[in-house]
Amino acid sequence: MSSATPRINFKYLSEFEGKTIRIVGKVGEKQGNNVILHTTDNGQVIVDRSNNLEKNYQTNNVEVLGVWNNNQLSELTFFNLSDNFDFDTHNQMIDLSMKHKEIFM
Amino acid sequence: MTNNSNENVIVRTITPLTIRQIQLSTESEGNTFKIDKEFVMNVSLVGTVIKVLDGNTYTNYTIDDGTGQLNVRKFKRNKQNNMDDQEEQEGQEEGEKKKSEQIENPFENKYVRIIGNLKEYKNQKSFSVTKITEITDSNQITTHFLEAILVHMQRTKGILKKEQATSQESQIKEEKIEIQKETNNNNNNNNIISQQNTTQILGLALKDKALRLISSNQTSSGISLQELSKELKSTEEEIREIVDFFLDQGQIYITIDDEHFRSTD
């Protein structure tokens with residue numbers, strides 16, 4: 001099996017229950033150990049940061065890599081993204097990559 | 001592109017790939033790999049550095065681009081000066097201690113763009129890094145994967161369709177312009193003809209009316225040019241033309257002066 005951690009957005013989450021995925025979003029409200037992530041397709045994801053609390057998001061846009069389970073993303077790590085990140089194009093890229101899964105997963 | 005058994009293939013392009021594509025590629029000729037049925041030598045990747053192992057002759061980076069993981073090697077220039085391109089710029093300003101720190105963790109957990117050479121080495125894939133740079137504009141992540149998709153589609157489904165469509169489109173456009181030109185010409189001709197027709201018809205109607213008016217006038221001095229002009233709502237010049245015509249025909253004659261007319265009937 002490949003060690004892929006696919007880049008997805010909100011609408012594809014249901015296909016990846018229990019899997020490790022990457023999701024890009026705008027950092028939203030903090031709720032204890034959780035953070036709301038606003039995805040590129042206007043979805044909202046609850047990110048559980050318990051395993052990675054010592055590192056803080058340093059930018060407004062981040063890519064979170066974690067395990068999607070029970071409507072929560074358990075963060076393993078994240079990557080800071082530049083402020084000029086184009087959400088729309090990224091969203092379209094995700095849709096395209098889903099049509100060409102053969103080179104992505 | 002034909003090839004013998006060894007490295008006679010030279011590919012001058014840089015192919016944007018995903019690590020998955022590299023993992024899945026099995027086809028090779030000589031030492032050169034084929035992906036999507038095309039030879040690839042220079043490859044670009046975008047991913048995060050998850051591990052750095054610093055050795056004597058090379059640094060090993062483990063890259064994860066979301067499609068898979070790959071070990072890539074950046075060979076060091078010489079044993080004494082153990083620095084990468086990017087580090088050289090930064091290292092010059094800092095002390096020895098910091099330099100060694102940078103060598104250990106220059107790109108760890110960061111998104112990088114890697115350009116390198118994909119080769120077969122002892123029946124295994126080997127990727128030697130030509131250049132590794134940190135990505136500062138994250139949109140490059142998106143564009144890299146879009147480029148990989150594009151090249152993949154071009155190489156598997158063909159580049160021609162879009163180009164064909166474009167050339168067909170422009171052909172159709174040219175034809176349309178031609179047709180329009182012809183139509184315009186036709187229209188213009190038709191317009192001229194119809195205008196002429198209308199004028200002729202209107203002219204005939206006016207002449208009829210003029211003749212009737214002249215005929216109906218029983219006075220000895222006849223009807224004047226001004227009266228005709230007024231009755232027929234035309235200019236005197238137009239009436240003049242009409243009466244000249246009838247005068248030539250002999251259907252009317254002038255009476256007290258050349259502005260008064262009577263019908264010969």
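The expected span of a helix is 1.5 Å times one less than its number of residues. In this predicted model, helix α7 of chain B offers a handy place to apply that rule. The helix covers residues 236-249, 14 residues in all, so a span of 20 Å is expected, and its end C-alpha atoms do lie 20 Å apart, in agreement. Four residues of α7(B) are buried, namely B:Ile239, B:Ile242, B:Val243 and B:Phe246. Viewed down the helix axis, the buried residues of α7(B) fall within an arc of 95°, and they therefore line one face of the helix. The other side of α7(B) carries the exposed residues B:Glu237, B:Glu241 and B:Asp248. Just after the helix comes B:Gly250, with a positive phi near 85°.

Positive phi values also turn up in chain B at residues other than glycine. One of these is B:Asp36, with phi near 55°; this residue sits in the loop that links β3 (32-35) and β4 (38-40) of chain B. Another is B:Asn109, which is not a glycine yet has a positive phi of about 65°. B:Asn109 belongs to the loop between α3 (96-104) and β8 (111-121) of chain B. With a relative accessible area of 31%, B:Asn109 counts as partly exposed, because that class runs between the 20% limit for buried and the 50% limit for exposed residues.

Turning to the partner, chain A is built from six strands and one helix. Along the sequence these elements follow the order β-β-β-β-β-β-α. Chain A has 105 residues, and 50% of them are buried. Of the contacts in chain A between residues at least 6 apart in sequence, 49% connect residues at least 24 apart. The area exposed by chain A is about 5200 Å², with carbon and sulfur atoms supplying 45% of it.

The two chains meet through 28 residues of chain A and 26 residues of chain B. Together they bury about 2200 Å², and carbon and sulfur atoms give 57% of that area. On the chain B side, B:Tyr111, B:Thr142 and B:Ile149 lose the most area to chain A, together accounting for 23% of what that side buries. What links the two chains by charge? The count between chain B and chain A is one salt bridge. The side chains of B:Asp64 and A:Arg22 meet in a salt bridge, with an N to O distance of 3.2 Å.

Key:
Residues are numbered from 1 along each chain as its sequence is written. Chains are lettered from A and ligands numbered from 1 in the order in which they are written. This is a predicted model: local features need pLDDT of at least 70, side-chain atom pairs count only at pLDDT 80 or more; totals for chains, interfaces and linings use all residues. Side-chain values use heavy atoms; hydrogens and water are left out. Helices (H or I, at least four residues) and strands (E, at least two) are DSSP runs, numbered from the N terminus. Buried means under 20% relative accessible area, exposed over 50%, partly exposed in between (1.4 Å probe, protein chains only). The arc is that of the directions from the helix axis to the C-beta atoms. Contact means heavy atoms within 4.5 Å. Accessible areas come from the Shrake-Rupley method with a 1.4 Å probe; for residues, only the protein chains shown count as cover. Buried area is the accessible area (1.4 Å probe) that two parts lose on being put together, summed over both. A salt bridge is a side-chain nitrogen of Lys or Arg within 4 Å of a carboxyl oxygen of Asp or Glu.
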